[in-house]
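Me: Got a model open here and could use a second pair of eyes. Mind walking me through some of it?

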Amino acid sequence: MLSFIIFLPLIGALLIALLPRASTSLIRWTALGFSLLTFVASVVVLMDFNTTQAGYQFVESYQWIPQYGIGYKLGVDGISIWMLMLTTFIFPIALWTSAGAVHDRLKEYYALILLMEMATLGVFLSLDMFLFYVFWEFALVPMYFIIGVWGGERRIYASMKFFVFTMAGSVLMLLAIVFLGINGGTFDLQALVAKNGQWAASAPLFLAFAIAFAIKVPLFPFHSWLPDAHTEAPTPGSVILAAVLLKMGAYGLIRFNLALFPDASRQFAPLMIVLGIVGILYGAIVAFAQTDAKRLVAYSSISHMGYIVLGIFSLNQLGLQGALLQMVNHGISTGGLFLIVGFLYERRHTREMATFGGVWGKMPLYGTLALLFVLSSVGLPALNGFVGEFVILQGAFQSTAIQYPQYWTAFAACGMILSAVYLLTFYQKIFLGESRNAANDKLIDLNWREVAAVVPLLGVIFYIGLYSLPFFTAMNASVANLLSAVGIVMR
Amino acid sequence: MQLLFISPILFPLSGLLINAAFGKRMGERLIGAVASLMVLASFAVSAYLFIQMGALPEAQRATAVDLGIPWIQVGNLHVPFGFLIDQLSVTMMLIVTGVGGLIHIYSIGYMHGDPRFQRFFVYMNLFIASMLVLVMADSFLLMFVGWELVGLCSYLLIGFWFSNIKNAEAGRKAFVVNRIGDVGFILGILLIFATFGTLTFTDVFGKVMAMSALNSPVIVAITLLLFIGAVGKSAQIPLFVWLPDAMAGPTPVSALIHAATMVTAGIYMMTRAHVLYTAAPATQDIVALIGGLTAFVAGSIALTQYDIKKVLAYSTVSQLGFMVAAAGLGAYATSIFHLATHAFFKALLFLAAGSVIHGMEHLSKSAGAHGGAADGHAVDPQDMRNMGGLRAKMPITFIVYVIGGLALAGVPPFAGFFSKDEIVAAAMQHNPLVFGLLGIAAVFTAFYIGRQLVMVFFGKPRTGNAEHAAESAPLMTIPLIVLAVFAAIAGVLNLPGVGTLGTWLAPAVGGYEVEAFQIGVAGLFTLLSVAALLGAWYVYRNAFTKSSDVDPLAGLGPLYIFLKRAWLIDALYQSVIVKLFYAASSFLARVFDVGGIDGLVNGTAVLVRNTSGVLRRIQNGLVRSYGMMMLLGVVVVVAYFLWSAVAR
């Protein structure tokens, strides 16, 4: 079943390659159809997912390169189930909105997006380090092209930067993976985890993985590729980047760093917590000074991802579960904000906030929907962001991974003030006040296609905000298992 | 039965959904009717619950309502959708929905003709629903939901006429300043859970009561953190700066924020958490002092304002100081008593001020939209210097205004007299400093409201707008009359020596002792109030004959400027904290992030590019060859490592 899910988008991509270039709507519907099928397949997995079971489910295991202990092994557990769902949920939305954002070389574009879906699904479902690495690298390529070909003015610079950064981290990780594979005699993740961190050099190994993932997250100070990549990418690319690709980093920290190197995790947790908190505050403060709406959202991403790292390295159940939920929340809310900015960009071909003003008056529906995404991102209770943030903060507050956790948490909580400052400023500059440019007078409110793109996201925002139980329930067993298996005291 | 208990929340919630979904086709009257009736229905249910509760023996009056739906459930953190209906919450429900309902009815008239009439009532209903969540919640975290949602509603309603950027700015300021307090609140919640392992009121309070020692550090910390939240929401020093700006919203919104909802939340929260506060006398002293200071400072500022609503806004801050001081003195029931009487007379004063503004706008506008009030007008309809002589033009508004004013000033037998007297009496017993501050604040109160009454209603009209002012429509005056009746007689709720309200609340607020009437204190303060009122009349009776006349208080020189500019507190924030933040943000974004972190990375890249001619040739700009190189690179690297691994 998991193989089916992973390779369904690949089949779609191959099919698109066979279609004539001119039949654009057929291409578009094929891509959308396959991504929807993938979503349906993942829902089937979710329905059959046993929430009481801590271990991997739907496991598929085949030999691949047996002489090196490399296998083709897939599985899903409570840690990856929502990453799987988030991925299959976001891709159809990104494809759906592509019609407005992308206008040339559609065949290549849609094929690449589907390839990217395949690769990201592979990342979240692989249980073999080598297989994981292959998917990890593969996910890089389509995004590189999407920024480089369909991006904005500085696309070449942005795509190179994206590539160089991620590649630099990947090389380190590859070294570490190969080291593990050789010393452990296998690339099988479960077998390696079972060794319980008894490695000759677990600190350097931890760092090799951590840097690769920190770049992807991105964790301060490894973030500088993100604003450029986000700003230059076409809207659907930004959505996927924020919602799915960044999660690969956070997921990696949990799946590999915590599980493989429990001692080193404890050792480096204070550093990671502090970097996460710096990221929360730094991203927020820098976001405030942005004049380009998309860059502002990009920096808000850095701030929000800081909470996730804070939660992960609190090394307790609340922190980790909060982080996992916040990974979903961030994907939905920030993905939504990128869509919101994209709608305006398609109308006005600028993202300079100074040229807007009073847009709520011209586009009442758009203004209302945008406000909901802003509020979700601000962490307003009854919407999704608050639940994740609160659980993370509670976890961090009681963490035994760092001295004086209460004081550190107080710093992190100041992010609540800053997020209100920069996001409401963002909203005010674009939507409130008087119009600062005559071109705004011609703005037309959202059409049904655009509304249809954001309504599912809003549904999730309210659902998680009001009833997070099923999301937490599905993670419980696996997270508890992870924490106890690596000997981290549960609280 | 559970549905009945939570129906007060569900009514306004469904009202807002109906209006949001179908409002476009419904027309003003129907929208207003749906919104108002929903709030009145909540009031009816609250009254029913109140009566039912009264029929029960005292020990059985509190009802825990658990919907059986978990909101957050992870690890050992369990927060259900649970509500606590007891004497305290039902009293708050009655105030919120009763006063709120009247404000809704009034708004139908006041907002008539506004292009976003529908949206206004959606927000208003959301406001009531949020406030009800706040007062009905059975845990700190669910209370925080309502707490933040009223913050959202204030943001939306203060900035309702958002095309004027000043209004939008005021809304944002309210939200951000509230958020500063909210961080304190949330840290308090984190500490409560870390300490007690639960967030439910009854469980937390049970565990606190089991602790015998007073002033244990953790309880002091919790109460101080929660108090930071109350300081934000109930506009105390140093976070009161958002409330005076909040009058940028339509006047009914000011009434709602200042009287029935929002700012009362902090008082309610401390009263609800009285078990914690009583266990932390050290915090109590700080609370009482902050309350006293706020009453004094805000009262002194109100003396010098010209804007009719701004006087009332600072008055609210000052009166909230009285309530906070009462809570700090341990007189929780008294605090709620003043909250109730204040809700009546302050809602009355704001709505009556709205009626005045409405009257003042007659000349320049045919009845209707107020949106552009601040711009394009030659005559500011809110500036009291432009008024005068409205007594004859708007007789009903005048009479109710006087009743509200006397209630505020604490003149017997009006409502404010009784509640303020109780607070002052408590202060006299326990804390001389706070007693002094409150005493001076009480004199200020009578003086500024006297000044306002004279400037608005007496003398001769000073502008054409005042000359042509006319009484408002019944839809607006009837709620005024109802509120005026309550402002006049609400003292009977808790007469000295009887203490009906206090006795009723006692089990929920840790007890209440009925105090005998202290003729000395009451007599002294009555004399002071009347003297201050007369003083204001004496000073202002001939002070303004035309709009441009100078305020007699201006003779105070620098002190007058200092008061008029609100002790320069907001100016200090603007010129220090806000400026610093801008500078830091700008530096980090434009210098540090671009030049520092990014520059380091790009510098390395440039270095590599310049020193390697081979690479430059390959960088031919074709994306395809980059891609090929990349894949090739991956393959080579992987192959190399695998090979070296095997070779070893």
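**Helix pair, odd loops, chain contact**

Reply: Sure, starting with a helix pair: H4(A) and H5(A) cross in a left-handed way (the near helix is turned anticlockwise from the far one by less than a right angle; clockwise would be right-handed). Bear in mind that this is a predicted model, where local features need pLDDT of at least 70, side-chain atom pairs count only at pLDDT 80 or more, and totals for chains, interfaces and linings use all residues. Residues are numbered from 1 along each chain as its sequence is written, and chains are lettered from A and ligands numbered from 1 in the order in which they are written.

Me: At what angle do the axes of H4(A) and H5(A) cross?

Reply: Roughly 150°, and the axes come within 8 Å, with H4 at residues 106-125 and H5 at 129-150 of chain A. H4(A) and H5(A) are therefore roughly antiparallel.

Me: Which residues of H4(A) and H5(A) meet?

Reply: On H4(A), they include Tyr109(A), Leu112(A) and Met116(A), and on H5(A), Phe132(A), Trp136(A) and Trp150(A) are among them. By class, that contact has 17 nonpolar, 2 polar and no charged residues.

Me: New topic. Is the peptide bond from Val217(A) to Pro218(A) cis or trans?

Reply: Cis, with omega near -15°. Pro218(A) sits in the loop between helices H8 (202-216) and H9 (225-232) of chain A. Chain B has a cis bond too, from Ile237(B) to Pro238(B), with omega near 5°.

Me: And what is phi at Met262(B)?

Reply: Near 55°, which is positive in a residue other than glycine. Met262(B) lies in the loop between helix H9 (251-260) and helix H10 (264-272) of chain B.

Me: Is Met262(B) buried or exposed?

Reply: Buried, with 28 other C-beta atoms within 10 Å. The cut-offs are 20 or more other C-beta atoms within 10 Å for buried, 12 or fewer for exposed, and in between for partly exposed, with C-beta atoms placed from the backbone. Trp567(B), not a glycine either, has a positive phi of about 60°, but Trp567(B) is partly exposed, with 15 other C-beta atoms within 10 Å.

Me: How many residues of chain B are in contact with chain A?

Reply: 48 residues of chain B, against 53 of chain A (contact means C-beta atoms, placed from the backbone, within 7 Å). H5(B) gives the largest share of chain B's side, 14 residues.

Me: How many residues on that side of chain B are charged?

Reply: 7 are charged, alongside 34 nonpolar and 7 polar.

Notes
Axes are lines fitted to C-alpha atoms, for helices over the stretch in contact, and angles run from 0 to 180 degrees between N-to-C directions. Helices (H or I, at least four residues) and strands (E, at least two) are DSSP runs, numbered from the N terminus. Angles under 35 degrees count as roughly parallel, over 145 as roughly antiparallel, 65 to 115 as roughly perpendicular and the rest as oblique. Two residues are in contact if their C-beta atoms, placed from the backbone, lie within 7 Å. Ala, Val, Leu, Ile, Met, Phe, Trp, Tyr, Cys and Pro count as nonpolar, Asp, Glu, Lys and Arg as charged, and the others, Gly among them, as polar.
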